[in-house]
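Biologist: Before we go through this model, could you set it out so that we can both look at the sequence and the fold?

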Amino acid sequence: MNRRAILRWLKEDHEDRLAALWQEADAVRQKTVGDAVHLRGLIEISNGCDRNCAYCGIRAGNRNLTRYRMSEAEILICARQAVAYGYGTVVLQSGEDLGMSREWIAKIIRSIKAATALAVTLSLGERSEADLKAWREAGADRYLLKFETSDRALYDRIHPPVRGRRSDRFALLKKLRELGYEVGSGVMVGIPGQTYASLARDLELFQELDLDMIGVGPFLPHPAAPLGRNPKKFLAPAPRQVPNSEEMTCKVVALARLLCPETNLPSTTALATLSPERGREMGLLRGANVVMPDLTPLEYRALYEIYPGKGGTGESTEAFHRRLWDQIEALGRTVGIGPGRRLNLTLGV
Ligand code: SAH
């Protein structure tokens, strides 16, 4: 599929043709990664952040937020909970909190690896090559770093540099690959200023980067962030601006599945937050094969508010787990067993 075809799908609004897209994405999903829905337990280990991303609620500039950093013991309890629920992976996510030292994170990775058979995914933002190398050596399996948008001017507007360093997430993704990580990336859909043309390029890049995981969620405005406070100021002219809707997010999920048939593709929490009634199912029916249940203790979860509603409804981890299990079975799917590595069908492994 070339960029023009991608662009045509992004602008498609005919219901019957869209139904064919959903169906094709679901068929490819079934043929490649199968019916298993892999669950990745998310542990939001710190909401400390040194950056000032214009979209994000936990940006350094938000002074009205109580900051926390979980202890190693607390993180280990969550990892054991992941095992108890039968999950094969934990994802350690945080703001870009440089107070978390290389050695501290390495020690946590080693402890999880010693105590469990879990795959460990990191999503800790832009860190030095030495950090990334040490964590890989400590046993981390995967790293998630969304490039957010391929439009360089838009990226610079929403993701200001710190410490005088221009942020280059593509260079980091390459480094991660060289270090032997499974590499995940992705974008937000409907960022004010995001055009259809740039989103089509994002999708092409998913394929060029041969991503092992692709996270796609709608942009959700947060009142403590400039893009949330005043989105109109940033919007592209109406015909070019991508909406941050459920349908547009599903189109990107479906196209990502068609372009990267073997990738692991979550139905994201952001989509479920935008569309509480049916967002999660829609993602799973239109190409996704992964869900990331939140294992963060409720008192911290409420403080990890990257967008409104991220903290959840106060539903317990246990209740969510049971509801999700039922949802997956009601769709005729199964809950994945084991770490759920990215398949490589061409290599036959
Ligand atoms: N700090 C790390 C990881 C945590 S943020 C990093 O920057 O990589 C994880 C993801 O949440 C981001 O990549 C972004 O895509 C998403 N996110 C942040 N703010 C958001 C918002 N307002 N709406 C939707 N998604 C958001």
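**Core, helix packing and loops**

Modeller: Leaving aside neighbours within four places in sequence, L122 is in contact (heavy atoms within 4.5 Å) with L92, I109, W135, A140, R142, Y143, L144 and Y181. This is a predicted model, in which local features need pLDDT of at least 70 and side-chain atom pairs count only at pLDDT 80 or more, while totals for chains, interfaces and linings use all residues. Residues are numbered from 1 along each chain as its sequence is written, and side-chain values use heavy atoms, with hydrogens and water left out.

Biologist: Which helix gives the most to the largest nonpolar core?

Modeller: A nonpolar core is a set of buried Ala, Val, Leu, Ile, Met, Phe, Trp, Tyr and Cys residues joined through side-chain atoms within 4.5 Å, where buried means under 20% relative accessible area, computed with a 1.4 Å probe on protein chains only. The largest such core has 97 residues, and those touching the most other members are L10, I112, L122, W135, Y181 and F206. With helices taken as DSSP runs of H or I of at least four residues, and strands as runs of E of at least two, both numbered from the N terminus, the helix that gives the most to this core, with 9 residues, is α10 (residues 246–259).

Biologist: How many residues are in the other core that lies apart from it?

Modeller: Among the members of that other core are L42, L144, M213 and V290. The core lies apart from the largest one, and its residues number 6.

Biologist: Is V91 buried or exposed?

Modeller: V91 has its place in strand β2 (residues 89–94). Not counting residues up to four places away in sequence, V91 touches R40, G41, L42, I43, T121, S123, L144 and M292. Because its relative accessibility is 2%, V91 counts as buried.

Biologist: Why do α4 and α5 count as roughly parallel to each other?

Modeller: Axes here are lines fitted to C-alpha atoms, for helices over the stretch in contact, and angles run from 0 to 180 degrees between N-to-C directions. Angles under 35 degrees count as roughly parallel, over 145 as roughly antiparallel, 65 to 115 as roughly perpendicular and the rest as oblique. Helix α4 (residues 102–115) and helix α5 (residues 129–138) have axes 8 Å apart and pack at an angle of about 20°. The two helices are therefore roughly parallel.

Biologist: How do the residues of the contact of α4 with α5 divide?

Modeller: On the α4 side are R102, I105, A106, I109, R110 and K113, which meet A130, D131, A134, W135 and A138 in α5. Ala, Val, Leu, Ile, Met, Phe, Trp, Tyr, Cys and Pro count as nonpolar, Asp, Glu, Lys and Arg as charged, and the others, Gly among them, as polar. The residues of this contact divide into 7 nonpolar, no polar and 4 charged.

Biologist: What is phi of E148 near?

Modeller: E148 sits in the loop between β4 (142–144) and α6 (152–158), and with a relative accessible area of 8% E148 is buried. Its phi is a positive value in a residue other than glycine, near 70°.

Biologist: Where does T66 lie, and which residues is T66 in contact with, leaving aside its neighbours within four places in sequence?

Modeller: T66 lies in the loop between β1 (36–46) and α3 (72–84). Because its relative accessibility is 52%, T66 counts as exposed (over 50%). With neighbours within four places in sequence left aside, the residues in contact with T66 are N47 and L303.
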